[in-house]
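Hi everyone, thanks for coming. I'd like to walk you through a protein that is new to most of you, so please have a look at it first.

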Amino acid sequence: MDLFGFEPPPPKLKRPPAPRKGLCRLFFALFPDGDARNKMLALGAEIKSRHQLAGKLHLEDRLHLTLDHLGDFESMPSDIVRHAIEVASELAAQCHGFAVRLDQTVSFGRGDDSRPVVLRDSSSSNAMLAEFRSRLWDALAARGVPGGPRSSFTPHVSLLYDRQVLQEEPAGPIGWQAGEFVLIHSALKQTHYDVMGRWVFQPI
């Protein structure tokens with residue numbers, strides 16, 4: 001039984017791979033609260049100044065923690081969106097909110113392109129977050145919704161992108177109480193998110 005009181009799901013659930021070639025990106029996410037966003041913006045500005053980075057800081061309303069990336073689609077996949085919304089509605093009725101804590105900055109990725117500078121969890125301290133993400137992944141798999149591997153999850157918030165590679169540094173910690181989660185449509189190469197659904201967790 002997991003931390004939400006559910007029995008473990010059947011083993012070896014699989015999901016179709018998330019498509020990567022379109023400009024219509026769909027993902028579930030958590031938005032930090034106002035205090036956490038302000039601290040993240042200040043942290044990003046401090047890192048940018050101290051390391052003399054050229055990349056632009058993420059806008060306040062784009063700061064998020066990705067729970068599950070459904071894919072980058074050529075056009076809006078109505079059936080996938082419908083299944084994702086059904087899953088989210090079911091889980092929101094069953095799951096309680098939880099605390100999120102992030103305490104380390106580092107560059108993600110490889111190669112010569114700009115890499116995200118992220119604020120992440122350094123110690124696997126977000127047990128309730130990990131449990132909820134696993135429940136979400138399993139429920140999406142049961143509906144045939146595409147996505148990445150179940151084990152591919154490192155809680156983080158991207159602060160900016162830059163070519164310079166930053167090593168691990170302690171930060172914060174910065175945290176918030178997650179009271180809701182959202183389904184986001186991001187039109188790639190544009191600068192705004194469309195929230196397609198918002199679900200409030202059950203009170204603790």
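Before we start, one definition to keep in mind: the expected span of a helix is 1.5 Å times one less than its number of residues. And please remember that what you see is a predicted model.

Let's try that rule on helix H3. It covers residues 127–142, which makes 16 residues, so it should span 22 Å. In the model, the end C-alpha atoms of H3 are 23 Å apart, and that agrees.

Now, which residues of H3 are buried? Here, buried means under 20% relative accessible area. The list is Leu129, Phe132, Arg133, Ser134, Arg135, Leu136, Trp137, Asp138, Leu140 and Ala141. And what do these buried residues pack against? Their partners are four strands and a helix: strand E1 (24–30), strand E2 (65–73), strand E3 (98–107) and strand E7 (180–187), together with helix H2 (78–92). If you follow the chain just past the end of H3, you come to Gly144, which has a positive phi of about 75°.

Let's move to helix H1, residues 34–50. The same rule gives its 17 residues a span of 24 Å, and the end C-alpha atoms of H1 are indeed 24 Å apart. Buried in H1 are Ala36, Met40, Leu43, Gly44 and Ile47. These cover an arc of only 100° around the axis, so they sit on the same side of H1. There is a simple background to this: an α-helix has 3.6 residues a turn, so residues three or four places apart point the same way.

The buried residues of H1 pack against E3, strand E4 (115–120), strand E5 (156–162) and strand E6 (169–178). After H1 comes Gln52, and its phi is positive too, near 55°.

Let's step back to the whole protein. How many helices and strands does it have? There are three helices and eight strands. Starting at the N terminus, the order reads β-α-β-α-β-β-α-β-β-β-β.

As for overall dimensions, a compact globule of 204 residues would have a radius of gyration near 17 Å; this protein has 17 Å, so the two agree. Its C-alpha atoms fill a box of roughly 45 × 40 × 30 Å along the principal axes.

Of the 204 residues, 46% count as buried. Among contacts with a separation of 6 or more, 81% come from residues 24 or more positions apart. Finally, the accessible surface is about 10600 Å², and carbon and sulfur atoms hold 52% of it.

Thanks for listening!

Note on methods:
Residues numbered from 1 in each chain as written. Predicted model: local features only at pLDDT ≥ 70, side-chain atom pairs only at ≥ 80, totals over all residues. Heavy atoms only, no water. Helix = DSSP H or I, 4+ residues; strand = E, 2+ residues; numbered from the N terminus. Buried < 20%, exposed > 50% of the residue type's maximum accessible area, 1.4 Å probe, protein only. Contact = heavy atoms within 4.5 Å. Arc of directions from axis to C-beta. Rg over C-alpha atoms; globule rule 2.2 N^0.38 Å. Areas by Shrake-Rupley, 256 points an atom, 1.4 Å probe, with all protein chains shown as cover.
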